[in-house]
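This report walks through one protein chain for a reader who is meeting it for the first time. Please keep the sequence and the structure in view while reading.

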Amino acid sequence: MQTVTVNQNLIQSLKSPKQRLSPTQDRKKLTHHEMLLVALHSYKGQILSATEIKNIVIAKFPEVKVRCILPNDHSDIGNLRACSCVGTDRQLLVNVERATYHIL
Ligand SMILES: [Zn+2]
């Protein structure tokens, strides 16, 4: 009988899926590149440290994990998993010295 009850609950939950997305869930569709693009928009032309960049992105997107914000991935010293923006006109950052970036 216990099993039947569980199955009925499961069926009921499948019948009424929660389809409304909260603003937070919508934001999660943004790529890290897009988050940096949006957050750094008003800092174009400035020189910022990696820490400053992370703080700016976190302030704009509190739900993003700080370890997921990798300025290097969007600069000309991008690593193996770098963003596809590197080397294109979509590139966000130029590395000017260690952990310091020119916002494009
Ligand atoms: Zn990028």
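## A helix across the strands

In this predicted model, the helix α4 lies across the strands β1 and β3, and its direction makes an angle of about 85° with that of β1. Helix α4 covers residues 50–60, while β1, which covers residues 47–49, is one of the edge strands of the sheet.

## The sheet

The sheet that α4 crosses is an open one built from three strands, which follow one another in the order β1-β3-β2 with antiparallel pairing. At its edges stand β1 and β2, the latter covering residues 93–97, and each of these two strands has a pairing partner on one side only. When direction is ignored, neighbouring strands of the sheet are turned against each other by 40° on average.

Between β2 and β3 the antiparallel pairing extends over four bridges. Two positions show how residues face each other across this pair: N95 is found opposite Y101 of β3, and V94 has H102, also in β3, as its bridge partner. The two strands form a hairpin in which two residues lie between them, and A99, located in the turn, has a positive phi of about 60°.

## The nonpolar core

As a general tendency, nonpolar side chains in soluble globular proteins are buried together. In this chain, the largest nonpolar core holds 14 residues, and the members that touch the most others within it are L36, L40 and V57. At least two residues of this core come from each of α3 (32–39), α4 (50–60) and β3 (100–103), with α3 giving the largest share, namely three residues.

Which residues does L36 touch, if those up to four places away in sequence are not counted? Under that condition L36 touches V57, H74 and L92. Among these partners, V57 is, like L36 itself, one of the core residues that touch the most other members.

## The chain as a whole

Taken over its full course, the protein chain has four helices and three strands. Read from the N terminus, these elements follow the pattern α-α-α-β-α-β-β.

Two overall values complete the description of the chain. Of its 104 residues, 19% count as buried. If contacts are restricted to residues at least 6 apart in sequence, then 39% of them join residues that are at least 24 apart.

Technical notes. Residues are numbered from 1 along each chain as its sequence is written. This is a predicted model: local features need pLDDT of at least 70, side-chain atom pairs count only at pLDDT 80 or more; totals for chains, interfaces and linings use all residues. A nonpolar core is a set of buried Ala, Val, Leu, Ile, Met, Phe, Trp, Tyr and Cys residues joined through C-beta atoms within 7 Å. A residue is buried if 20 or more other C-beta atoms lie within 10 Å of its own, exposed if 12 or fewer, and partly exposed in between; C-beta atoms are placed from the backbone. Two residues are in contact if their C-beta atoms, placed from the backbone, lie within 7 Å. Two strands pair if DSSP finds at least two bridges between them. Axes are lines fitted to C-alpha atoms, for helices over the stretch in contact, and angles run from 0 to 180 degrees between N-to-C directions.
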